[in-house]
Amino acid sequence: MWCSRVALRRLQQIAVAPLNISGNATGGAMQRKMSSLPKVYVTRQIPPDGLKRLQESGQVQYELWDSDDVPVPRKELLQKVKGVDALLCVLTEKIDAELLDAAGPNLKVVSTMSVGFDHLSLEELKKRGIRVGYTPEVLTDAVAELTVALLLATSRRLIEATHEAKTGGWGTWRTLWLCGHELANSTVGIFGLGRIGIAIAERLAPFKVKKFIYTDVEPRPELASMINAEYVSMDELAKQSDFLAACCALTPETKDICNKDLFSKMKKTSIFINTSRGGVVHQDDLYDALATGQIAGAGLDVTVPEPLPTDHPLFTLKNCVILPHIASASYSTRNEMSSLAANNLLLGLRGQPMIKELKL
Ligand SMILES: O=CC(=O)O
């Protein structure tokens, strides 16, 4: 049903975009007009700016999984995408051959409210000629800010410290108690230099970092010159970094790339930070490196799986700070992402260039 029903059941609702038709249109006329509009399925209750954009466009009718707390169950999703013209999704939905087959030949646009696109089977999308929108840039500041916060929380042991203060561990002032590692005079390594890596370095520079180094599939001199960063091999990145931040996309090439081999080359005093995707880290190897003191600490905003089960061994380590994938979670950024995802979708449906489109 794609017409004027509003609330069907608790977690799921049908929402219909208002139309640019005169106020005295009859219900029947409205329904006829609406049934000719392209159908969109939105897999999450996205922040209001994006929904408003879809509603006010008068260009589409959309159905929404009306919850932000529970992702749409796969079975439900496979049902709901049947016959849609466009899909607006978030990173919890796997957009693969099964889903695209279920959607069928009408599907022309997939717009994800995320900068990451490892949940999309690009090959399958390309094969079917489906255009893909995503949301880079609008989240760069928020992600960089959170990465700096996580780095400082990990290196200066803030979570341990508040726990000690709250639970009676705070005895007398002690000379080496809760000492950490500072950024002044340090070498910061960036694995995967893009917009986010640059934004992180720009924020860290005023902490008197001595040197920025980076590695990537190839040198990126133009970007690197913005932060005066030196291109090094992965080995050198591991060896030299006092702080190593993973900022790369998850691809078949980067899967598990932060593993035993990398950690074993790092300094015992170094801190590893990951705000990219959990899949770039071999978590068992990271656990060993942290538990044996091979490295000093790790701050993770992303894990495999998400959520990380509360009995996961990484949660037992004092030197591991784990956040629940909140790097872009500021009200303004999430609204911008939502709005950009809606605009990409609408432009894609009109056959126009999207604001941010993945080249397939
Ligand atoms: O992780 C968040 C995103 O990809 O936008």
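A polar contact is taken here as a pair of N or O atoms within 3.5 Å. I apply this cut-off to the ligand in what follows; the model is a predicted one.

**Entry 1: ligand contacts**

I looked up the polar partners of the ligand, beginning with the backbone. A polar backbone atom of V115 is 2.8 Å from an oxygen atom of the ligand. At G116, a backbone N or O atom lies 2.7 Å from a ligand oxygen atom. I then turned to the side chains and found that a polar side-chain atom of R277 lies 2.6 Å from an oxygen atom of the ligand. I also noted the area: the ligand taken alone exposes 190 Å², of which the protein buries 90%.

**Entry 2: the shell around the ligand**

Which residues surround the ligand? I list L91, S114, V115, G116, L139, R277, H325 and M337. I sorted this shell by residue class and obtained 4 nonpolar, 3 polar and 1 charged.

**Entry 3: annotated domain, residues 40-357**

I consulted the UniProt record, an unreviewed entry, which places "domain: D-isomer specific 2-hydroxyacid dehydrogenase catalytic" at residues 40-357. Over this range I read 36% helix and 14% strand. The C-alpha atoms at the ends of the range are 18 Å apart.

**Entry 4: the sheet of 5 strands**

I traced an open sheet of 5 strands with parallel pairing, in the order β2-β1-β3-β4-β5. Its edge strands are β2 (61-64) and β5 (131-133), each of which pairs on one side only. On average, neighbouring strands of this sheet are turned by 15° against each other, direction ignored. I then examined one pair in detail: strand β4 (residues 109-112) and β5 run parallel and are joined by 3 bridges. Within this pair, I found V109 opposite R131 in β5.

**Entry 5: annotated domain, residues 148-327**

The UniProt annotation "domain: D-isomer specific 2-hydroxyacid dehydrogenase NAD-binding", also from an unreviewed entry, covers residues 148-327. I read 32% helix and 16% strand for this stretch. Its end C-alpha atoms are 10 Å apart.

**Entry 6: the sheet of 7 strands**

I followed a further open sheet, of 7 strands, in the order β8-β7-β6-β9-β10-β11-β12 and with parallel pairing. Why is one side of β8 and of β12 left without a neighbour in the sheet? Both β8 (229-231) and β12 (320-322) stand at the edges, and each has a single partner strand, so one side of each has no neighbour in the sheet. Direction ignored, neighbouring strands here are turned by 20° against each other on average. I checked the pairing at the β12 edge: β11 (residues 297-300) pairs with β12 in the parallel sense over 3 bridges. The bridge partner of A298 in β12 is C320.

**Entry 7: backbone particulars**

Where does P305 lie? I located P305 in the loop between β11 and β12. The peptide bond leading from V304 to P305 is cis, with omega near -5°. P307 also lies in the loop between β11 and β12. I found a cis peptide bond there as well, joining E306 and P307, with omega about -5°.

I next looked up L178, a residue other than glycine with a positive phi, near 55°. L178 has its place in the loop between α7 (158-167) and β6 (187-191).

Methods
Residues numbered from 1 in each chain as written. Predicted model: local features only at pLDDT ≥ 70, side-chain atom pairs only at ≥ 80, totals over all residues. Heavy atoms only, no water. Near = heavy atom within 4 Å. Polar contact = N/O pair within 3.5 Å; in protein donor to acceptor, adjacent residues only side chain to side chain. Areas by Shrake-Rupley, 256 points an atom, 1.4 Å probe, with all protein chains shown as cover. Nonpolar A, V, L, I, M, F, W, Y, C, P; charged D, E, K, R; others polar. UniProt positions renumbered as here; feature names shortened; annotations may be inferred. Helix = DSSP H or I, 4+ residues; strand = E, 2+ residues; numbered from the N terminus. Pairing = 2+ DSSP bridges. Axes fitted to C-alpha atoms, helices over the stretch in contact; angles between N-to-C directions.
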